[in-house]
Amino acid sequence: MTTNIQITLSEERKEKPQPEQLEFGRIFTDHMFVMDYSPQKGWHDARIEPFEPITLSPASMVFHYGQTVFEGLKAYRTSDDKVLLFRPEKNMERLNLSNERLCIPEIDGEFVIEALKKLVSIDKEWIPTTEGTSLYIRPFIIPTEYYLGVAPSKFYKLMIILSPVGSYYKEGIHPVKIFVENQYVRAVDGGTGKAKTGGNYASSLKAQEEAAKKGYSQVLWLDGIEKKYVEEVGSMNIFFKINGEVVTPEINGSILEGVTRNSIIQMLKYWNIPVKEKRISMEEVYDAYKEGVLEEAFGTGTAAVISPIGEFYYKEEKMIINKGQTGDVSKKLYDTLTGIQKGTEEDVFGWVTEVK
Ligand SMILES: *Cc1c(COP(=O)(O)O)cnc(C)c1O
């Protein structure tokens with residue numbers, strides 16, 4: 001295992017975007033982190049270099065069978081110029097879970113966090129500070145062996161790139177409209193749903209595109225076998241507030257276990273708001289809606305943090321939730337969680353790590 005990082009600083013510094021121009025994931029900073037894997041050396045040659053295109057043979061395995069994994073987390077700059085990361089160790093834990101599922105060699109999570117901190121501190125000036133903005137951090141691993149056989153690659157590259165981002169949804173924290181998907185599925189138990197691997201997202205695009213044509217910003221995925229139980233919404237975990245109780249689908253082998261999901265559950269418990277992880281069918285959600293006790297629904301994920309849901313399209317009916325407004329619990333969760341992440345709320349859970 002490598003423990004030192006070779007640093008080559010960029011001779012040119014790109015112009016930084018205006019905060020109001022920021023979108024999600026279109027602009028990248030001046031540097032990137034790279035580390036290689038070979039069977040002889042393990043993970044080696046850890047380095048920070050100028051952000052630039054990389055060269056690979058067309059036979060490189062990354063172009064063929066989708067053996068890739070990634071992570072997503074954010075850095076925030078506080079009003080007193082500190083840089084904070086939110087639970088990076090959870091992302092490293094999950095990266096290794098994804099690695100395990102995709103036959104990619106394990107990484108040393110602590111070392112990758114050190115590398116990530118070093119990279120963020122070098123490109124610190126890129127972290128925007130206005131409301132709703134942050135620096136999105138994307139670690140990912142690709143197979144780089146030149147080989148067309150279907151087998152785990154023998155060589156890999158782990159890279160980390162950084163992107164200053166605005167709000168994930170152009171609408172900000174306004175409620176989104178969700179199409180309940182009844183044709184396509186995202187994952188099944190035994191498949192790769194619980195790993196953050198490229199193929200899961202490739203296979204979700206069609207449903208997403210069709211929902212967008214109908215005016216819906218994301219799809220709600222049902223289970224891959226009966227198309228009956230709620231799984232996730234787009235690339236977020238989902239929560240409902242029904243009759244005063246918050247429920248979220250339990251981890252079942254096909255759902256991606258979000259760091260935000262885990263944090264939300266802990267926060268609700270801390271506030272003594274009843275919260276339950278259980279299997280929940282879309283019919284149950286619909287019945288609650290009909291009885292007038294479906295009080296709130298929201299998605300959770302690093303990119304959007306909390307995304308309130310104002311409408312579900314289900315069985316040719318529009319279910320309008322909380323009059324299409326952001327609910328109280330959604331709002332409180334959003335304000336508190338983003339507050340902890342930005343250092344304006346007390347970090348009672350010890351979730352925040354400072355980048356020095
Ligand atoms: C990344 C992701 C989530 C959310 O995970 P966070 O750790 O909260 O960002 C949920 N579902 C899917 C499918 C994801 O890819």
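**View A. Glu131 and Lys342 form a salt bridge.** In this predicted model, look for the side chains of Glu131 and Lys342: their closest N and O atoms lie 3.4 Å apart. How many salt bridges are counted between domain 1 and domain 2? The count is 1.

**View B. Polar contacts link domain 1 and domain 2.** Here you can search for residue pairs in polar contact between the two domains; there are 13 of them, with both partners at pLDDT 80 or more. On the domain 1 side, β4 (69-70), β5 (73-77), β6 (83-86) and α1 (88-101) each bring at least two residues to the surface that touches domain 2. Which of these elements gives the largest share? That is α1, with 5 residues. Sorted by kind, the residues on this side of domain 1 include 9 nonpolar, 6 polar and 7 charged ones.

**View C. The chain is divided into domain 1 and domain 2.** Stepping back a little, you can trace domain 1 over residues 6-165 and domain 2 over residues 176-342. Domain 1 puts 22 residues into the contact, and domain 2 puts in 22 residues as well. Between the centres of the two domains, taken over C-alpha atoms, there are 27 Å.

**View D. Domain 1 and domain 2 bury area between them.** The size of an interface is often given as the accessible area lost when the parts come together. For domain 1 and domain 2, the buried area is about 1,900 Å². Carbon and sulfur atoms give 56% of that area.

Methods:
Residues are numbered from 1 along each chain as its sequence is written. This is a predicted model: local features need pLDDT of at least 70, side-chain atom pairs count only at pLDDT 80 or more; totals for chains, interfaces and linings use all residues. Side-chain values use heavy atoms; hydrogens and water are left out. Domain bounds come from an automatic or database domain assignment. Contact means heavy atoms within 4.5 Å. Buried area is the accessible area (1.4 Å probe) that two parts lose on being put together, summed over both. A salt bridge is a side-chain nitrogen of Lys or Arg within 4 Å of a carboxyl oxygen of Asp or Glu. A polar contact is a pair of N or O atoms within 3.5 Å; within protein, one must be able to donate a hydrogen and the other to accept it, and residues adjacent in sequence count only if both atoms are side-chain atoms. Helices (H or I, at least four residues) and strands (E, at least two) are DSSP runs, numbered from the N terminus. Ala, Val, Leu, Ile, Met, Phe, Trp, Tyr, Cys and Pro count as nonpolar, Asp, Glu, Lys and Arg as charged, and the others, Gly among them, as polar.
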